[in-house]
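Grab a pencil and work through these exercises one at a time. Try each task yourself before you read the solution.

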Amino acid sequence: MTTILLKNALRLVTMNDQREELEGGWILVRGRQVVALGSALDPLPEADVVEDMSGHVVMPGMVNTHHHMYQTLTRVIPAAQDSSLFGWLQALYPIWAGLTPEMIRVSTCTAMTELLWSGCTTTSDHLYLFPNGSRLDDQIEAATRMGMRFHAARGSMSVGESKGGLPPDSVVEEEATILADTQRVIEAFHDPSPLAMQRVVVAPCSPFSVSPDLMREAAGLARATGTMLHTHLAENTSDIAYSRERFNMTPAEYAEDVGWVGADVWHAHCVKLDAAGISRFGATRTGMAHCPCSNMRLGSGIAPVRRMVASGMRVGLGVDGSASNDGSHMLGEARQAMLLGRLLETEDNRPMMQAREVLDLATRGGAAVLGRDDIGVLAPGKAADLVAFDLRGIDHAGAQSDPVAALVFCSPRRVAYSMVNGRWLIRDGQFVDHDPALLAETHNALARQLLEKA
């Protein structure tokens, strides 16, 4: 089995329990796993392949806990540029009704290209629209081709406008169909083993697009099959108003009522989660995907991340959909999490959010949210998922006093190297196996087709 040694790192960020950062660090990979690491003071092991990481910060690949990859096809649509959540959705649902299997595949490759370049090596995606013969299989096929570690969330919507929901009836499914197909994809694609490249998540879309019965049935299915649960919750004030009017409960009360709390659950956003909800989610180790760029883009608010972490909630970062963020840059998301957190903490007269705090959320935090202990850390036995940023350029000039913090404080850059599962996907800033320029050309042609249909 081939061994790869990365040596002379400006800083090797382990994210282990001690949060060690090794100057002049090295790391040895064999097959799919890390087998050893050390600092400049430790003797170098022998290896089949040696890579010089001089001038680079090497760290665990980041983990994206929430996305809608198909939305790369509808970035910056004029009718949805200046709307809050509900108006934004109502403008875009009719366009998304034209999605095809090819569009699902190509948009997945586009989003994963962005994510990989930004330092992300594991991602989830919440796909809840399946028009025109589209299936989750289409996305999983594309993810396999890209080589990313992937948690595919089989989303769904079942309550259309005629039943008091937000989406048009043309994009919802029957609940029996949803449950049957979710069972099918779990049996076909879910891999519960350590170092798994592919897992399936049970993921009805939101309280305003599915019924309480489907939420309960989905929870039962996930727990019977050992899969995780994911949905949107408490995203903005309209979301809160809908829950109170429809269910006479807060979103957190509703989540608990339908069985959606626990260490096998994570919710996206939770911007408007109240104190009682934070306390209950913390006590049950319920998870949350913090999506600061999207929350700002839609004017939703600021999630109290530190309070959530202190309560015991599992918290990671998510880039969210590329039509509510208009990008998929994990390091950029970490930077925004730090800056937005500073606004909130300043109001509370508390210490400012720190660079290493958000890098922790982007790595270890995201791994915990997805229910994994084999990623997000560089340590013997963990997955060989790592990235390297070159800090020798003009963007980091003058920032060498703390190169780890510089990753977050300075302008977010693309990685120079990305390894997933022991395999190089990016070397010297370029993809090994595919051409992003050609992909963008195909993607733009499909985006035009989608808009013309609408």
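**Exercise 1.** Is aspartate 213 buried or exposed?

*Solution.* Before we start: this is a predicted model, where local features need pLDDT of at least 70 and side-chain atom pairs count only at pLDDT 80 or more, while totals for chains, interfaces and linings use all residues. Residues are numbered from 1 along each chain as its sequence is written, and side-chain values use heavy atoms, with hydrogens and water left out.

Step one is the yardstick: buried means under 20% relative accessible area, exposed means over 50%, and partly exposed is in between (1.4 Å probe, protein chains only). Step two is the value: aspartate 213 has a relative accessible area of 51%, so it is exposed.

**Exercise 2.** Find the salt-bridge partner of aspartate 213 and work out how the two sit in their helix.

*Solution.* A salt bridge here is a side-chain nitrogen of Lys or Arg within 4 Å of a carboxyl oxygen of Asp or Glu. Aspartate 213 pairs up with arginine 216, at 3.9 Å from N to O. Both belong to helix H5 (residues 212-225), and because they are three residues apart there, about one helical turn separates them. Helices are DSSP runs of H or I with at least four residues, strands are runs of E with at least two, and both are numbered from the N terminus. Arginine 216 is partly exposed, at 38% relative accessibility.

**Exercise 3.** Take two other salt bridges, aspartate 326 with arginine 297 and aspartate 374 with arginine 372, and describe their surroundings.

*Solution.* Start with aspartate 326 and arginine 297, whose N to O distance is 2.7 Å. This pair links distant parts of the chain, 29 residues apart: aspartate 326 is in the loop between strand S13 (314-317) and helix H11 (330-347), and arginine 297 is in helix H9 (residues 292-297). Aspartate 326 is partly exposed at 24%, and arginine 297 is partly exposed at 22%.

Now the other pair: aspartate 374 and arginine 372 meet at 3.0 Å, N to O. Aspartate 374 is buried, with 7% relative accessible area, and arginine 372 is buried too, with 6%. Elsewhere, Arg135, Asp137, Arg154, Glu173, Asp181 and Arg184 form one network through salt bridges that share partners.

**Exercise 4.** Describe how domain 1 and domain 2 meet.

*Solution.* First, the bounds: domain 1 covers 3-60 + 382-431 and domain 2 covers 62-370, as set by an automatic or database domain assignment. Their C-alpha centres lie 29 Å apart. The contact (heavy atoms within 4.5 Å) takes 36 residues from domain 1 and 30 residues from domain 2.

Second, the area: the two domains bury about 2800 Å² between them, with 62% of it on carbon and sulfur atoms. Buried area is the accessible area (1.4 Å probe) that two parts lose on being put together, summed over both. On the domain 1 side, Met15, Val408 and Phe431 lose the most, together 23% of what that side buries.

Third, the charges: there are five salt bridges between the domains, out of 25 in the structure. Arginine 19 also forms a salt bridge, with aspartate 360, where the closest N and O atoms are 2.6 Å apart.
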